[in-house]
Amino acid sequence: MYQIQSGTPFTVSVFGDTANSGTVLGENPIRANYTGLQVFGPGTQTANEWFNPAAFATPAAYTFGNAGRNSVYGPSLQTLDLSVARTFQIGEKANFQLRGETFNALNQINLGTPNRFVNTPQFGTITMTMTPGRA
């Protein structure tokens with residue numbers, strides 16, 4: 001089975017309720033400000049810097065940010081699982097099956113979603129994988 005998926009969109013946000021709007025953590029987070037710099041430039045789309053962190057900033061206290069909802073896309077996913085099987089008839093009621101399977105045959109490391117909170121130390125980095133490469 002060959003599976004390809006585009007990156008998941010996400011909103012660059014602020015960790016906490018900096019606008020003092022009563023937002024509960026994780027529920028309708030406050031958006032960051034877009035600074036006008038290029039989001040995906042040279043050296044981006046790696047685990048250490050998926051997008052340019054300077055393209056976003058924390059909005060001033062008691063204000064909302066202007067970054068668009070779901071305006072940045074995370075990494076895509078690509079994986080190939082293979083299976084080969086052969087069944088041998090043994091008598092009338094019995095079968096013997098020889099099977100070989102491999103998962104992630106391309107040995108592709110699929111990165112997870114980047115840290116999207118502008119006021120955290122790991123902003124813009126990816127610290128997890130969706131499907132790790134084979135060891």
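**Exercise 1. Work out whether Phe51 and Phe123 are buried or exposed, and how their rings meet.**

Step 1. Start with burial: Phe51 and Phe123 are both buried (under 20% relative accessible area, with exposed being over 50% and partly exposed in between, using a 1.4 Å probe and protein chains only). Keep in mind that this is a predicted model, where local features need pLDDT of at least 70, side-chain atom pairs count only at pLDDT 80 or more, and totals for chains, interfaces and linings use all residues. Residues are numbered from 1 along each chain as its sequence is written, and side-chain values use heavy atoms, leaving out hydrogens and water.

Step 2. Now the rings. There are 7 aromatic pairs in the structure (rings of Phe, Tyr and Trp, the latter by its six-membered ring, with centres within 6.5 Å; planes under 30 degrees apart are stacked, over 60 edge-to-face, the rest tilted). Phe51 and Phe123 make one of them, edge-to-face, at 5.2 Å centre to centre and 70° between the planes.

Step 3. Place the pair on the chain. Phe51 sits in the loop between β3 (33–34) and β4 (56–57), and Phe123 in the loop between β9 (110–111) and β10 (129–131), so the pair ties together parts 72 residues apart in sequence. (Strands are DSSP runs of E, at least two residues, numbered from the N terminus.)

**Exercise 2. Find what else Phe123 pairs with, and which cluster and core take it in.**

Step 1. Phe56 also pairs edge-to-face with Phe123, at 6.5 Å centre to centre and 85° between the planes. Phe56 is in strand β4, 67 residues from Phe123, and both are buried.

Step 2. Zoom out: Phe10, Tyr34, Phe51, Phe56 and Phe123 form one aromatic cluster.

Step 3. The largest nonpolar core has 16 residues (buried Ala, Val, Leu, Ile, Met, Phe, Trp, Tyr and Cys joined through side-chain atoms within 4.5 Å). Among those with the most contacts inside it are Val39, Phe51, Phe56 and Phe123.

Step 4. Check Val39: leaving out residues up to four places away in sequence, its contacts (heavy atoms within 4.5 Å) include Tyr34, Phe51, Phe56 and Val72.

**Exercise 3. Decide whether Thr79 is buried or exposed, and list what it touches.**

Step 1. Thr79 lies in strand β6 (residues 77–80).

Step 2. Its relative accessibility is 9%, so Thr79 counts as buried.

Step 3. Skip neighbours within four places in sequence, and Thr79 is in contact with Met1, Tyr2, Gln3, Asn104 and Asn110.

Methods: Helices (H or I, at least four residues) and strands (E, at least two) are DSSP runs, numbered from the N terminus.
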